[in-house]
Amino acid sequence: MKSAYLILILLAHLNLQAAFKADDIIDNITHYFATGNSKELSIYFSSTVSLSILEDNNTYSKNQAEILLQNFFDKNNCRGAKIIHRMDTNVSNRYAVLEMFSSTRKFRVSLSLKNFNSKFLITDIRIDKTK
């Protein structure tokens, strides 16, 4: 009987942990970079996004940024991504650095997010080749 309660408590804890993780914005964004899904990624864009892809830097509308990222993903055949650094304790800003893998190279992705009406949105994306 004791072991049945222990198993139930463990399962409840794992389900609760999974629920919190599913709502983590940086994890979600990392997943969309890993899969090269600019459409789902754009859900997290602010109305304008400062976007720097390799040597091209500019500020774009949400729709333009989505298209430019999709072009980048298509050219580079994204295979995965992982979080290198994250700062998500500030109530108004979040920051993350990802390592993204393509079929031929690695990229460093820096993200800045700001809190807009209790929702964090991406305001800056910088993608650079790693050395």
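Here is a walk through this model, starting at one helix residue and ending in the strands.

Keep in mind that this is a predicted model, where local features need pLDDT of at least 70, side-chain atom pairs count only at pLDDT 80 or more, and totals for chains, interfaces and linings use all residues. Residues are numbered from 1 along each chain as its sequence is written, and side-chain values use heavy atoms, with hydrogens and water left out.

Let's begin with isoleucine 29, which you'll find in helix 2 (residues 25-35). Helices here are DSSP runs of H or I with at least four residues, strands are runs of E with at least two, and both are numbered from the N terminus. Isoleucine 29 is buried, at a relative accessible area of 0%; buried means under 20%, exposed over 50%, and partly exposed in between, using a 1.4 Å probe and protein chains only. Which residues does isoleucine 29 touch, leaving aside its neighbours within four places in sequence? Leu41, Tyr44, Leu111, Leu113 and Ile122 are in contact with it, contact being heavy atoms within 4.5 Å. Take tyrosine 44: it is 15 residues from isoleucine 29 along the chain, yet their C-alpha atoms are separated by 7.8 Å.

Now on to helix 4 (residues 62-76). Its 15 residues should span 21 Å at 1.5 Å a residue, and the end C-alpha atoms are indeed 21 Å apart; the expected span is 1.5 Å times one less than the number of residues. Ala65, Leu69, Phe72, Phe73 and Asn76 are buried in this helix. They cover an arc of only 100 degrees around the axis, so they sit on the same side of helix 4; the arc is taken from the directions from the helix axis to the C-beta atoms. Turned away from that buried side is a face with the exposed residues Asn63, Ile67, Asp74 and Lys75. Asparagine 77 follows helix 4, with a positive phi near 45 degrees.

Next come the strands. Strand 3 (residues 78-87) and strand 4 (residues 93-102) pair antiparallel over 8 bridges; pairing takes at least two DSSP bridges between two strands. Cysteine 78 has serine 102 in strand 4 as its bridge partner, and the two strands form a hairpin with 5 residues between them. Strand 4 also runs antiparallel to strand 5 (residues 106-116), joined by 9 bridges. Here phenylalanine 101 stands opposite lysine 106, and this hairpin has 3 residues between its strands.
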